[in-house]
Each structure stands twice: as C-alpha cells, then as structure tokens.
Amino acid sequence: MKRNIALLGSTGSMGTQALQVIDQFPDIFEVELLSGYSNSDLLIQQAQKYKPNAVVIIDDSHYLKVKNALVKEDCKVFSGMKSLIECMSMDSIDMALSCIVGIAGLAPVYAAIENEIPIALANKETLVVAGELMMQKAKEKHVPIIPVDSEHSAIFQCLIGEQGNEIAKIILTASGGPFRGKSIAELEKATCKQALKHPNWNMGNKITIDSATLMNKGLEVIEAKWLFNINLDKIEVIVHPQSIIHSLVQFIDGSVKAQLGVPDMKLPIQYALTFPQRMNNEFSRFNLTDYPTFTFEKPDTNSFPCLSLAYQASKAGGNKPCVLNAANEVAVAKFLSGKIKFTDIPKMIEKALERIPFSQPEMIEEYLEVDREVRKTICEFSQS
Ligand code: MN3
C-alpha cells in the first residue's frame, strides 16, 4: 500500500526538496494534495507531474489560471486558505507534510491534527506560536508530529530507545549564519545580499534571514520546548559552523548522543516521511575525513539579540511568542524589501514585545487575531 502525502507549501524551497525525496521512492509515496501560495506556474507543473487528487492555490487571484491549466487532469482545484483547511478532512491523506512558511501554517496543520492525520512538520512557526495547543490536540487525537527541522529531527533520532530516561539537556547547534563573528557596527552595514548568503544550508529567504539574525535558533528553542516537552533552561544553543552535528542530547548519566550528516534538508524530510524505517537513497554521503575539524563556540547574544528575545518571549508565554513571531515576520519582510537595516530587526521585535500587553489566547483563531494586531500596530511603533 502506498502512502498518500499532502504536501502543504509545495512551491517553496522545502516543498521542492520534499518532492525530490518523493521522486526517490515512486513505489512508496503518492502525492495526494499540493498547495502553494502564489507561484502558480510551478504549482501547475508539479500537479501535471505528480497528479494529485487536489490542488490548492492560496492566493485567489491565480485560481482561474491554475484551474484552466489543469482542466485535462483528473484533479480538483481550489483556492484560498479556507479550502486548504477543508481539504485536511480528506480521508485519503495518510500524512501531511507542512512546508508552509510562517504563521500561515498554523490553521491547516491544526485542522490536519483534528482530522487525525499524522504530521511531518517543517513549519516551526506553528509550534512557536501555538505549541501548547498543537501538542495538546495531537496528544488528544494520538497524532504523531514528526519534526523535519534538521535540529529537531536530530534530537528525535537521539531519543529513540530512550523512553523513560531523563534528559539533562538538549543542545541545539547553530551554524552562526553568514555574519558569525561580526560586531554590531559591522552589522549596521549588512546588506540583504550578504544576509541571504547562507554558508551551509539551502533554504528559503525568510529562514535564511532568520539564520543570519539567530532568530531561527530562537524559534527552534521554542519549537524544541514543545516538541520534546522540556523546560527552556534545559535547552542550550551552541554555534557549530560546520553544520555536521545537527544537534545533541545529554542524559542524566552525562552521556551525550548526537546525530550527524551532511547539511541537506532532504535527509530530515525523508526520515520524517519513512519513519520509523530508514531507506536507501542516492543523496550524498557524509565522510568524517572530509571534515577533519569540528569547532564550537558560544552564541554572541550581544551582536545577535534575537536569540535572547526568543527565550524571553517563551518564558513569558501566552501571546508573547506569537508577538515575537509576527514582529519578526514583518521585520524580515521589511529588511528583504530594503526598508529597514539588519540591526533594526531585533529593535522592532523588542518594541513589539514591550508594547503589546500580555494575553492568553486559547484558540487558534485568537492567536491569528494577535498576529493581525501585531502586524497592524507595528508600523505605528516603527514611526515613533
Ligand atoms: Mn533548523
């Protein structure tokens, strides 16, 4: 029996890499659903190749183009987030792989969990914003959430066979990004082009900027807290510029387990899709002698305050991680369009965290409301 995959966010960097993984195993996986935000040309191409049952284009303005292009295919075409959420009730879906960027992933993943669809999660913002709600619902519905983020996949793999054993700490590795070792004065002049040049990983623009500010690691700390049900003070970040050790777990006896591999997102994607099995593939192999030196250093939270802001928001709880995430999404978009400086990103987030009062959202819709509120008011802050 083939496994039917719903691929949410198929046209982005992670989505296209997920399809490369699926290409390796034509006898095992079937693409049941594809969704994309606005890249209609690529979505059409993908639909023609993978012949899913359903295709969803989120941006309504591309609906007719996609519908007309796929008129000869045996596939339903929908548009809008509401349709994607509704599609999560399709009985034919065996697993949903969410590669959506940002808070947009929240509602469809929650809907998939409610419909008891196992999740492979690449979209960390889902857990950052509403981790408590997501994990509660997953527990209630007995739905596995398998991490695709490379660090969390590493921890997940280290924890296999360790049920009941106490974790002393989780150590998340960070590459340090393109600006590792730079001073605040140097960062003031950092350009978009420089920030988008990640030394090791091939990822989308949003996450590449997050890696440059270290916010990506901050979001991953919060993601780890929920995924592995562990206190923040037991999650440590270490800079490991080679990006070969994808993360580590130390147990109470002092022993440390790590997972290693070449920095290639296809590996954690494949593991999430084939778990608990491991399958042979054509991807490049890791060789210790290719990397004679591993180095480690403490993260520089002075030059990169985003990491501390994430710990602070997570510790405060309630709506604060949602505020952190929304402010970061706005700030990154502004930086990408050349409207603010690299060093303005943490400043904008800090202001939002200070000025938006604490609240305790209890439903997905309430988190989305906080998100909209932050986006609306943050522009006013930046003018004051
Ligand atoms: Mn990661």
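Reader: What radius of gyration does the chain have, set beside a compact globule with 384 residues?
Author: The radius of gyration is taken over C-alpha atoms, and the globule rule is 2.2 Å times the number of residues to the power 0.38. With 384 residues, a compact globule would have a value near 21 Å. The chain agrees with this, at 20 Å.

Reader: What pLDDT do side-chain atom pairs need in order to count in this model?
Author: Residues are numbered from 1 along each chain as its sequence is written, and side-chain values use heavy atoms, with hydrogens and water left out. This is a predicted model, where totals for chains, interfaces and linings use all residues, local features need pLDDT of at least 70, and side-chain atom pairs count only at pLDDT 80 or more.

Reader: How many helices and strands are there in the chain?
Author: Helices (H or I, at least four residues) and strands (E, at least two) are DSSP runs, numbered from the N terminus. By that rule the chain has 16 helices and eleven strands.

Reader: What share of the residues in the chain is buried?
Author: Buried means under 20% relative accessible area, exposed over 50%, and partly exposed in between, with a 1.4 Å probe and protein chains only. Among the 384 residues, the buried share is 56%.

Reader: Which residues coordinate the manganese ion?
Author: Donors are N, O and S atoms within 2.8 Å of the metal (3.2 Å for Na, K and Ca); water is not among the atoms, so the site may look incomplete. The distances here are 2.0 to 2.2 Å. In sequence the donor residues are spaced D-x1-E-x68-E. They are Asp149 (OD), Glu151 (OE) and Glu220 (OE).

Reader: Where in the chain are Asp149 and Glu220, and how many residues apart?
Author: Asp149 is in the loop between β7 (145–147) and α7 (150–158), and its relative accessible area of 7% makes it buried. Glu220 belongs to helix α11 (residues 215–227) and is buried too, at 1%. The pair thus links distant parts of the chain, the separation being 71 residues.

Reader: Which side chain does the side chain of Lys217 make a polar contact with?
Author: A polar contact is a pair of N or O atoms within 3.5 Å; within protein, one must be able to donate a hydrogen and the other to accept it, and residues adjacent in sequence count only if both atoms are side-chain atoms. Lys217 is found in helix α11 and counts as buried, at 5% relative accessibility. At 2.6 Å, the partner of its side chain is that of Glu220.

Reader: Which residues is Lys217 in contact with, leaving aside neighbours within four places in sequence?
Author: Contact means heavy atoms within 4.5 Å. One of the residues in contact with Lys217 is Glu151, a donor to the manganese ion. The list for Lys217 is Glu151, Leu172, Thr173, Ala174, Val237 and Leu307.

Reader: Is α7 enclosed or open, and what covers its buried residues?
Author: Nine of the nine residues of α7 are buried, so this helix is largely enclosed by the rest of the structure. Glu151 is among them. The cover includes β7, β8, α11, β10 (245–251), β11 (256–260) and α12.

Reader: What is the bridge partner of Ile171 in β9?
Author: Two strands pair if DSSP finds at least two bridges between them. Five bridges join strand β8 (residues 167–174) to β9, and the two run parallel. Strand β9 (residues 235–239) is mostly covered, with four of its five residues buried. In β9, the partner of Ile171 is Glu236.
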